[in-house]
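Trainee: Could you take me through one part of this protein closely? I'd like to hear about the ligand shell and the helices that pack beside it.

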Amino acid sequence: MAQNVSVKVLAADELLSKIEQAGLVGRGGAAFPVHLKWQRIKNLNDPKKYVVCNASEGEIGVKKDFYILEHFFKEVLEGILLTMDFLETKEAYININKNYYQKLKAQIDALIEPCNKRGYLIHIFEEQPSYIGGETGALLNAIEGKKTQPRLSPPSPSITGIFHCPVLLHNVETFYDITRVANDRYLPTRFSTILGTQNAGVYQVGIEQKVAEILRETDNYPTFAFFVQVGGGASGEVITASQAEDMKLSGAGSIEIYPSTTTAQQFLGKILNFYAEESCGKCTPCRDGSWQLQQIIEKLAQDQAIPWSRLSPIVATMEQSSFCGLGKSIAVPIKSYAKNILGLEV
Ligand code: SF4
């Protein structure tokens, strides 16, 4: 059944100032201040602009966007409407992981339909789940019906936009936060996907909380020796249990626990399979580099030492020369694992 979403009427300046005072940053991973992004797109003279909600979520095991869509879609939609009103635009896209939409279609459509009857035009764009599908340029290309591959930047993909018009793009969680700010209900919290523990799931945690504290508070602190990967799924930083006492959440807010008995081959195999599978193939360093790394690990005999002298130059080339953040980011998990868990200089 269709339901109405009411939007608090706020002057553009008032809402912008509330967002700035709340210190709201984007929750897609880059943590860019929301008010600066709003101002930049608002100041463009283009006669038409779009709002885009990124609900593509393609990191391994990360499910926080799904959780928010399932439990708080009303608030997400309210945030999209507030952003549209601020930009004085009537058209928006929700770029959504196809699997998520299939599960939540009835409740999502029931809320969007009345908005569209009131004069908004909110499209659902179903995207094949992939990590690169969440990258801004790739996502906008997909909406335009082009290949899901990143764009040259600068200029920012938000400026080149879709159909020659700029876009104001945020992740699902950011729109949820915008609604809380507008209604004076904002708390400095964020959603975190916790994986690999007894109570794995999605939790709302304090943005200032340390990783170990989060694990304790959610009853997820392991009873076994462990290391942990923090941030954006497979591209997150790998740290020891003692480093987790001092580190705050970053990136997409994931926390994945690995038992200390996990071998280097097992850990690197998982990470490198991800990169090889998710590389979109547009640039050589990432396309060939991720494949070569995967092959090196796959062909090692059990218990054979990791040949770091072969891995390191490939990782360095990918970090320095890849076209987009996916290829560049491979250095984060590989180097931090080698340094923090194995105690190597790489
Ligand atoms: S770095 Fe990888 S994902 Fe990015 S453009 Fe190059 S091949 Fe595609």
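Mentor: Here's a walk through that part, with a few backbone oddities at the end. First, the ground rules: this is a predicted model, so local features need pLDDT of at least 70, side-chain atom pairs count only at pLDDT 80 or more, and totals for chains, interfaces and linings use all residues. Residues are numbered from 1 along each chain as its sequence is written.

Let's start with the overall layout. The protein is split into domain 1 (12-182), domain 2 (189-259) and domain 3 (264-341), with bounds that come from an automatic or database domain assignment. The centres of domain 1 and domain 3, taken over C-alpha atoms, are 31 Å apart. Even so, nine residues of domain 1 are in contact with eight of domain 3, where contact means that the C-beta atoms, placed from the backbone, lie within 7 Å. On the domain 1 side of that contact there are five nonpolar, three polar and one charged residues. For those classes, Ala, Val, Leu, Ile, Met, Phe, Trp, Tyr, Cys and Pro count as nonpolar, Asp, Glu, Lys and Arg as charged, and the others, Gly among them, as polar.

Now the ligand. There are 15 residues around the ligand, and Cys280, Cys283, Cys286, Cys324 and Gly327 come nearest; a residue is near a molecule if its C-beta atom, placed from the backbone, lies within 6 Å of it. Domain 1 and domain 3 each give at least three residues to this shell. Helices H10 and H12 (325-328) each supply at least two. Helices here are DSSP runs (H or I, at least four residues), strands likewise (E, at least two), numbered from the N terminus. By class, the shell has eight nonpolar, five polar and two charged residues.

H10 deserves a longer look. Two packed helices are described by the angle between their axes and the distance between the axes. Axes are lines fitted to C-alpha atoms, for helices over the stretch in contact, and angles run from 0 to 180 degrees between N-to-C directions. The axes of H9 (residues 264-278) and H10 (residues 284-298) come within 9 Å and cross at roughly 150 degrees. That crossing makes H9 roughly antiparallel to H10, since angles under 35 degrees count as roughly parallel, over 145 as roughly antiparallel, 65 to 115 as roughly perpendicular and the rest as oblique. The H9 and H10 crossing is left-handed, meaning that the near helix is turned anticlockwise from the far one by less than a right angle (clockwise would be right-handed). Among the residues that meet are Leu268, Leu272 and Tyr275 in H9, with Trp291, Leu293 and Ile297 in H10. Sorted by class, this contact holds seven nonpolar, five polar and one charged residues.

H10 also packs with H11 (residues 308-321), at an angle of about 155 degrees and with the axes 9 Å apart. H10 and H11 are therefore roughly antiparallel to each other, and their crossing is left-handed. From H10, Pro285, Cys286, Gly289, Gln292, Leu293 and Ile296 meet Arg310, Leu311, Ile314, Thr317, Met318 and Ser321 in H11. That set divides into seven nonpolar, four polar and one charged. Notice that Cys286 turns up in this contact and also among the residues nearest the ligand.

Last, the backbone oddities. Most residues other than glycine have a negative phi, and most peptide bonds are trans. Against that background, the bond from serine 153 to proline 154 is cis, with omega near 0 degrees, and another cis bond joins proline 154 and proline 155, with omega about 0 degrees. Proline 154 sits in the loop between H5 (136-143) and H6 (157-160), and proline 155 is in the loop between H5 and H6 as well. Glutamate 57, in the loop between strand E1 (50-55) and H3 (64-87), has a positive phi near 25 degrees.

Notes. Two residues are in contact if their C-beta atoms, placed from the backbone, lie within 7 Å.
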